[in-house]
Amino acid sequence: MLRLGTMTGPTVWSEFGRLSQEYDVANLGQGFPDWLPPDFAVEALVSATIDSTKQSPHQYTRTAGHPNLVKQLARRYSKHMHRTIDPMNEVSVTVGASQALYLSLQTLVKPGDEVILFEPFFDLYQNQIKLAGGTPVYVPLTFVPYSEENEEVTGGEWILEPEKLEQAISPKTRAIILNSPHNPTGKVFNVSEMQHIADSVIAAGPQCVVISDEVYKYIVHSSPPKDELLGVGNSCPGHVHFASLPGMWDRTITVSSAGKTFSATGWQVGWCIGPSNLISPIHQLLPYVQFCASTVIQEALARTLPKADEPYEGYDSYYEYLNSKYRRKRDLLGKGLKEAGFAIPDYDRTPGGGFFIFARITPELRRALPAERMGPEYTKNPAAPGGEARLDWALCQWMAEEKGVLCIPSSPFFSREKAMEGASDEFIRVAFCKTDETIESAAKALMGVRSNKALIGSALVEANAE
């Protein structure tokens with residue numbers, strides 16, 4: 001805990017979790033689906049649970065991963081990586097992707113090592129690096145608006161400028177964490193950007209590896225142009241596995257999980273895929289963290305994976321159905337955000353993945369926020385970066401307390417320094433992994449953001465009405 005310093009108090013998740021309990025809100029905050037997993041996944045779980053054979057999965061299994069599951073994962077990733085994956089030596093099963101990342105960093109990083117993060121970043125990364133004794137080094141992604149004419153505030157794209165990465169690389173660089181599709185922005189790193197990262201790995205020296213967090217790889221709802229993907233395979237449409245790039249298999253730990261893909265975040269099964277010299281230390285550390293991930297859940301997932309490749313709900317596979325479902329939900333939420341006055345990405349021109357929209361706060365919305373919300377009574381908040389709630393936080397808190405919709409401020413996804421400089425002021429993160437009813441309720445609530453109205457039940461009413 002000493003390695004975390006002052007970063008052990010309340011967090012954005014505890015603060016906005018509290019707001020979700022205290023207020024009647026349409027919750028577009030945390031990234032978990034509010035519907036059941038597909039029928040075939042639930043059936044696989046039931047069948048694994050009632051299995052009474054000698055191989056019944058109700059006892060400990062192999063610490064490094066249940067044999068049936070690692071074989072399924074090896075089969076799949078052999079296609080993704082265009083090579084034969086050894087299930088026993090190049091796969092490790094963990095309790096969710098968070099533990100996969102934790103163990104990867106624990107086995108790689110020692111005090112004095114540096115780990116590069118692309119900023120903004122999923123907030124978990126920063127403290128896991130510190131827990132391992134490493135130092136986060138931030139490489140900012142650059143937001144490029146579609147237009148800046150007449151001071152217009154529009155959506156845009158987040159891009160990686162190669163020179164910023166080159167400036168951050170040093171002999172101390174032990175790892176680069178890549179997250180594509182990216183949380184919180186929804187960015188899909190293109191092949192050119194990935195190649196720049198690969199070049200930087202080589203330039204940093206033989207000690208440098210990439211931890212590629214690919215939990216959203218099956219949710220690329222707006223694919224890059226087909227010509228960008230030529231030569232990198234199509235086993236997972238729209239997604240490029242970083243380890244499949246030339247020379248990168250030996251320098252990459254690929255992290256993923258079942259939770260986002262199968263709408264089963266409570267299953268908590270994740271994994272690491274990589275060369276044996278990077279996976280073996282994780283195998284060695286696992287027994288001292290927990291003996292094994294749940295055997296029943298691992299067996300259920302092993303039975304689920306082959307079913308996902310089969311036709312589902314009129315689609316060629318479950319994965320095609322999943323993307324179509326999220327594309328529709330993205331558009332439903334996007335319409336509500338635009339009508340409320342937010343600027344969002346144009347997914348006809350900008351690739352996107354995951355299930356978040358990084359919405360931009362327009363001047364009109366700034367004006368709608370009551371002035372007192374930027375006063376000390378509200379801005380002093382120990383959960384906010386630096387203890388100060390800036391515009392993004394103030395707007396999200398006000399919308400939850402007064403307007404009936406909960407979103408997440410962007411500042412926790414930036415380094416403290418950048419947040420305090422105002423880099424995060426213009427953005428909020430909004431989740432569309434929710435039922436249509438939740439999204440529609442949120443859209444109604446959002447319609448009241450620019451007016452002096454609040455949402456009570458399902459009706460918009462004047463805030464000062466008697």
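Me: How do you know that the lining of the second largest cavity has no charged residues?

Reply: This is a predicted model, and in it that lining divides into 8 nonpolar, 2 polar and no charged residues. The residues are Leu117, Phe118, Pro120, Phe121, Phe122, Tyr125, Ile177, Leu178, Asn179 and His182. Asp, Glu, Lys and Arg are what count as charged, and none of them is in that list, so the charged class stays empty. Asn179 and His182 are the polar ones, because Asn and His are neither on the nonpolar list nor on the charged one.

Me: And what makes this space a cavity and not a pocket?

Reply: To be called a cavity, a space has to take a 1.4 Å probe that cannot get out, whereas a pocket is open. About 40 Å³ lies in this one. Strands β3 (114-119) and β7 (173-179) each give two or more residues to its lining, and β7 gives the most, with 3.

Me: Which elements and residues surround the largest cavity?

Reply: There are 13 lining residues, and Arg76, Lys217, Tyr218, Trp271 and Leu305 lie nearest the centre. Helix α3 (67-81) and strand β9 (252-257) each give two or more residues, with α3 supplying the largest share, 3. The space holds about 100 Å³, and the structure has 4 cavities of 30 Å³ or more.

Me: How do you know that charged residues take part in that lining?

Reply: The split is 8 nonpolar, 3 polar and 2 charged. Two of the residues nearest the centre are Arg76 and Lys217. Arg and Lys both count as charged, so these residues belong to that class.

Me: What about the second largest pocket: what lines it?

Reply: This pocket has a volume of about 360 Å³. It is lined by 30 residues, with Glu157, Trp158, Val188, Thr350 and Pro351 nearest its centre. β6 (156-159) and β11 (356-360) each supply at least two of the lining residues, and β6 has the largest share, 4 residues. By class there are 14 nonpolar, 9 polar and 7 charged.

Me: Now the helices. Why is α2 called oblique to α9?

Reply: The axes of α2 (residues 39-49) and α9 (residues 295-308) cross at roughly 140° and come within 8 Å. Roughly perpendicular ends at 115 degrees and roughly antiparallel needs over 145, so 140° falls in the oblique class. The crossing is also right-handed.

Me: Which residues make that contact?

Reply: From α2 come Phe40, Ala41, Ala44, Leu45, Ser47, Ala48 and Thr49, and from α9 come Val296, Ile297, Glu299, Ala300, Arg303, Thr304, Lys307 and Ala308. They divide into 9 nonpolar, 3 polar and 3 charged. Glu299, Arg303 and Lys307 of α9 make up the charged group, because Glu, Arg and Lys count as charged.

Me: What makes α4 roughly perpendicular to α8?

Reply: Their axes cross at roughly 105° and come within 9 Å, with α4 covering residues 96-108 and α8 residues 276-285. The roughly perpendicular class runs from 65 to 115 degrees, so 105° belongs there.

Me: And how do you know that this contact has no charged residues?

Reply: Leu103, Ser104, Gln106, Thr107 and Leu108 of α4 meet Leu278, Pro281, Ile282 and Leu285 of α8. The split is 6 nonpolar, 3 polar and no charged. Ser104, Gln106 and Thr107 are the polar ones, because Ser, Gln and Thr fall outside both the nonpolar and the charged lists.

Technical notes:
Residues numbered from 1 in each chain as written. Predicted model: local features only at pLDDT ≥ 70, side-chain atom pairs only at ≥ 80, totals over all residues. Heavy atoms only, no water. 1 Å grid on protein atoms, 1.4 Å probe; cavity = no way out; pocket = protein on both sides within 12 Å on 5 of 7 lines; lining within 4 Å. Points joined across faces, edges and corners; volume = space filled by probe spheres on them. Axes fitted to C-alpha atoms, helices over the stretch in contact; angles between N-to-C directions. Parallel < 35°, antiparallel > 145°, perpendicular 65-115°, else oblique. Left-handed = near helix turned anticlockwise from the far one by under 90°. Contact = heavy atoms within 4.5 Å.
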